[in-house]
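Let's take a friendly walk through a protein fold. Please look at the sequence and the 3D view before reading on.

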Amino acid sequence: GQFRHYTEKLKISHTITRPIYPLPSPIVPYFTIPTEIKTMDEITKLASQGCCRTANPHDTVINSECVYTFHSPYTTSKGIVVNLSTFIGTIEELAFTKSSSEDESGLFIRISKERVPKSTTVNGEGEDKEPDVTPVATKLGIGIDGGFLAEQDKFETVSKYSVVLLSKSSGVVAELPYDEETKHDFPMAVSASADSIIHHAGLSVKQDLKAWELDDEPKPVSKYAENLPFVDNGVKVSPDPNDWKCEKTGEKNNGHLWLNLSTGFIGGGRKNWDGSGGTNGALDHFMETGEKYPLVVKLGTITEDISTADCYSYAKDEDGPVTIPNLKELLERRGIKVAGMQKTVKSTAELEVELNANYAFDAITEKGAHLVPVTGPGLHGLQNLGNSCYMNSVVQMLFSGTVAELSSRYGCNNSTDITSSSLLDVSPVTAPDDLLCQTAKVSCALTSGLFCGPLPASVEVSEDVSLSDPKFRLAPRMFKHTVGHDHVDFRTGQQQDAAQYFQYLLEKLDRAELGGKDRIPKKNEDGSVLVSSHLFSFKTESRIVCGADGLIKYKESNSENMLSLRIPKTKSAALEDGAPEHKRQKSEGDDEKEKTEVPTVTFDACLEEWSAQTTLDDYRWPHLQNSFSPLSTSQMRFCNFPRYLVVQMQRYELGDDWQPHKIEVEIDVPEQISLQNLRGTGPQEGENLVPSETEVASEAPAVPAAPTIDENALAQLMDMGFNMNGCKRALMAVGGSNVEAAMNWVFDHNGDPDFNDPLPEGGQDTTAAKSSGSGVDEGMVMSLVESLGCFTIDQVRAAVKHCSGAADRAADWLFSHMDDLDGAIASLESNSAQPSAGGGSSKPLEDGEGKYTLVGLISHIGKNTGSGHYVAHLKKDRKWVIFNDEKVALSENPPIRHAYMYLFQRNDSIGSLHPGF
C-alpha cells in the first residue's frame with residue numbers, strides 16, 4: 001500500500017510541475033518498485049475474475065502439444081502455454097483467435113521440457129562423466145543386464161514451468177517461474193490450477209487409452225474390500241508427496257509407490273518387462289506378511305473422485321486392478337483426507353500405454369540398415385500410435401506434397417510459417433475436433449520441414465538421439481481422433497484397411513470443406529469450393545445390351561474416387577522353361593531352402609478383366625415390363641480421367657474357411673500407363689437404343705404391368721396374421737414370390753399409413769414404383785437385406801445408390817456408419833436434393849488425356865488388410881522414397897509389383913496446380 005501511495009504521488013507531481021532548470025539524466029528515483037509485486041497484483045486480479053480453474057480427471061487437458069501445430073514442450077525453449085481456464089495448450093502466438101478482442105488477456109502455465117543424456121559416476125566417487133561407449137547388447141531384452149538400454153536409462157527429462165500473463169495485443173505481459181519454492185507465492189486458485197494441469201494425464205494419453213481399449217471390462221469390486229483387516233499400528237501417511245518413500249529400499253517418491261490399506265506400509269510397485277517401474281517393495285511386503293493384506297492403492301492417483309484411484313489386489317484369486325468401494329474410509333484411517341487431493345503421478349494403464357508406444361521393435365530386428373535416410377520438407381515420418389500405419393501411409397500419400405493441390409490447400413508449400421493458415425482460425429477449444437484445422441496441422445508439419453531433426457547416419461535403430469527425441473517426433477493423435485472418433489473401426493487401436501480409410505477420409509474432408517468453406521482461401525467465382533475428392537473423382541459408363549432384342553442402353557455411374565481391380569489369376573505369366581511347376585531351387589551360393597515361385601499378372605490384364613464384357617442375369621428392362629433377359633451383357637468404360645487416379649488391387653479373397661486370404665501374385669505395373677482405349681464413347685450412330693423410361697411410361701398402357709403374385713407365397717404371408725392388402729404390397733415390392741424378402745418388407749413398412757389400403761388399379765404398389773425409380777437394382781437391395789440381416793430396405797437402398805451399385809462397398813458403408821446411420825443417410829439425401837450446396841459436387845468432373853505416371857504406392861505386409869503392416873513409397877524429385885512410419889529413406893527397390901494401392905497422376909497435369917486449389 002505504501003508503494004502504491006508514493007507511486008501515485010510521484011505521477012501527480014510529475015504531471016503538474018515543470019522544472020525551470022535542466023534535470024540530470026537519467027532521473028534516479030528514491031526507490032524502485034519490484035516488478036514481481038506489480039505482476040502478482042495483475043495475476044491475483046485475473047484469478048479473482050475466474051480466469052483459472054482446477055482440472056479434474058474427467059476434464060480434457062491438452063498439456064503435451066499445441067492444438068494448432070506440432071509444437072510440444074520439447075520443441076523450443078518456449079515450450080507451450082496452457083490456458084488455466086480452458087486447459088487448452090497452444091504456442092503463445094496462437095493463444096488467442098483472430099476474432100478475439102485486442103484487449104483480451106488470460107493466465108497460462110508455460111510448460112517447457114528438455115531431454116538430456118544421463119551422466120554416469122566414475123569409481124563411485126560422484127564425478128560426472130558422459131558415457132562415451134554404449135554397451136553392446138548380449139541378451140534379447142530391454143532394461144536387463146546385458147540387454148538393450150531402456151529409454152529412461154539413457155536420458156532424463158528436465159521440466160520447467162512458469163505462470164504467464166498473456167495479452168492479445170501485447171503478447172507476454174508478465175512471467176514468473178513456478179516451482180516447488182515459488183508456488184506458494186501465487187494465489188491458491190492459480191497454484192491449484194497449475195498443478196492440476198501439470199500432473200494431468202492429458203488428452204493424448206486418454207485417447208491412447210481409449211484406442212488401446214485397456215479397460216474393455218469394468219474393474220471388478222474386490223471381495224476383500226468390505227472386511228479388509230486393519231492393523232492398528234498408529235501409522236499415518238503424510239499429505240506431502242515429498243515425504244513418501246519406499247520403506248524397503250528408502251527410495252524417494254518416483255511415481256511407483258503403493259500404500260497397503262491394511263498395514264500402512266509404503267512400497268515400490270512391480271518392475272515392468274523393460275526394467276522400468278518400481279522396486280517390488282509392496283509385493284514383497286504382501287508375501288512377507290503371509291499374504292493376509294492384499295489391497296494396495298497407488299499414491300499420487302488419489303483425488304476427490306475416488307473412482308480414478310489406481311487400486312490393485314495381490315490376492316492370487318484376483319491379482320489385478322480392482323475397485324474398492326470403501327477406499328475413502330480406509331484412507332481416512334491412515335490420515336489421508338481425499339478432499340482437495342490432486343493426481344500427481346501416472347496410473348498403471350497410462351504407463352502401460354507409454355511403455356507400448358516406446359517399445360522399439362526394430363531395435364531387435366535391425367531392419368533397413370542399407371537404406372539412405374533423408375529429411376526435410378515433405379520427408380518427415382509419422383509416429384505409429386499403435387497399429388496406425390494404415391493411417392500414416394494414406395496421410396503421407398495425400399498431404400506430404402505428392403498431391404500438390406492438397407498440400408497447397410492444407411500445407412505450407414516449403415514455407416516455415418505454419419501459423420498463418422486461415423484453416424487454423426478456430427477457437428482453441430474447438431480446434432482439437434476440427435478436421436480442417438487438424439488436417440492443416442498435419443500437412444503444414446509435413447510440408448514445412450520445421451520439425452525435422454538432424455539427418456541420422458542410418459535408418460536402423462541406433463544411439464542417434466534424433467530417432468527418439470520428442471522434439472522431432474510427429475504423433476498425429478488429434479488427427480486420428482478427429483477422423484475416426486465416430487467410426488466403429490477407425491476409433492480403435494486395431495489395424496484397418498488403408499483403402500477403406502482413404503475413402504472414408506475423403507468423405508469426411510468433403511463434408512468439412514463444405515461446412516467450413518468460408519475458411520478455405522481459394523473458391524470458385526460463385527463462392528463455392530471444390531472438395532478434395534474432386535481431384536480423384538471419375539465416372540464410369542456401362543454399355544448394356546439387351547439379350548432379348550439387342551437394344552442398347554448407356555448407364556452412367558455416380559462418381560467414384562478409387563478404381564478397384566480384380567486380379568485374374570488365370571492370366572498369370574507362365575514359368576520359365578525347365579523350372580518346376582510350383583517351386584524352383586535358389587541359385588548356387590544361396591541357402592538350401594526352396595523358394596515358392598510367385599506367378600505374375602500384368603496390370604493390363606487386370607484392366608482387361610475390369611473392362612471385359614460380362615453377363616447380366618438379374619437386370620430388369622423397363623421396356624420389357626421390368627422383366628429379366630438372361631443373355632444381356634454389360635461393358636465398363638471411363639467417362640472422364642481424373643487428375644489423380646487411385647487404383648486398389650483386390651489382393652485378398654475369402655477362402656473355403658470364410659477367412660480372407662492373400663493372393664500370392666506379383667502385379668507387373670509400368671510407371672507409365674495409357675487408358676485412352678478405355679474411354680467411353682456414348683451412343684454411336686446406327687445403334688438401336690432402349691427407349692428412355694419416360695418414353696416407356698408414355699407408351700405403356702394406362703394400367704402398367706405388375707409382377708405376378710405367387711398365390712402360395714401370398715397364403716404363407718397371410719397365415720402369419722397379416723392383412724391381404726399388406727401382403728400383396730410386400731410381394732409386389734420384392735418381385736412377387738420371395739416370402740422371406742416380403743417378410744422383411746412387411747416389418748419395415750407395416751407402419752405405413754397405406755399399408756392395409758387396397759392396391760391402386762392394376763395392382764402396382766406406389767412404394768414399389770418409387771423404389772424401382774431410385775436408380776438401383778432392387779434385386780441386389782433385397783439380397784443385401786437378407787444377407788446382412790440388420791438393416792432396413794431403405795437403408796440398404798440408400799447405401800447401394802451412394803456406392804454406385806457396388807454391393808461390397810454398400811455393405812462396408814453401412815457397417816462403417818452404424819453409429820449414426822440415419823444421420824449419414826439424411827446427409828446423403830440432403831446433398832442429392834441440393835446439389836448447389838455441394839460446392840464441388842455440382843461442378844463437372846475434371847477430364848484430360850488418359851495417360852498417367854505412377855507417383856505413389858501403399859504396400860501391405862500380412863495375411864489380410866486388418867492385420868500386418870502398411871508402408872508408403874512416394875516419388876519425390878524423381879526419386880522413390882520409403883515412408884515406414886517414422887523412418888524415411890531413399891528406396892532402392894520400391895515394391896511396385898507387391899503394392900496394394902497405386903497413385904497415378906495424369907501427365908498433362910504434372911507441374912500445373914489446379915486453379916480451384
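The text below looks at a sheet and then at a pair of helices.

Keep in mind that this is a predicted model.

**The sheet**

Start with the strands: five of them form an open sheet, and their pairing is antiparallel. Reading across the sheet, the order is S2-S1-S3-S6-S7. What are the edge strands? They are S2 (89-90) and S7 (171-177), each of which pairs on one side only.

Now look at S3 and S6, which run antiparallel and are joined by 13 bridges. In this pairing, proline 117 stands opposite phenylalanine 155 in S6.

A helix joins the picture here. H4 lies across S1, S3 and S6, and it runs at about 40 degrees to S3.

Here are some of the elements met so far, with their residue ranges:

| Element | Residues |
|---|---|
| Strand S1 | residues 80-83 |
| Strand S3 | residues 105-117 |
| Strand S6 | residues 155-167 |
| Helix H4 | residues 188-198 |

**The helix pair**

Further along the chain, find helix H17 (residues 711-719) and helix H19 (residues 739-749). Their axes come within 10 Å and cross at roughly 45 degrees, so H17 is oblique to H19. The crossing of H17 past H19 is right-handed.

Which residues make the contact? From H17 come Ala713, Gln716 and Leu717, while H19 supplies Val739, Ala742 and Met743. Sorted by class, the contact of H17 with H19 has five nonpolar residues, one polar residue and no charged ones.

Conventions:
Residues numbered from 1 in each chain as written. Predicted model: local features only at pLDDT ≥ 70, side-chain atom pairs only at ≥ 80, totals over all residues. Heavy atoms only, no water. Axes fitted to C-alpha atoms, helices over the stretch in contact; angles between N-to-C directions. Helix = DSSP H or I, 4+ residues; strand = E, 2+ residues; numbered from the N terminus. Parallel < 35°, antiparallel > 145°, perpendicular 65-115°, else oblique. Left-handed = near helix turned anticlockwise from the far one by under 90°. Contact = heavy atoms within 4.5 Å. Nonpolar A, V, L, I, M, F, W, Y, C, P; charged D, E, K, R; others polar. Pairing = 2+ DSSP bridges.
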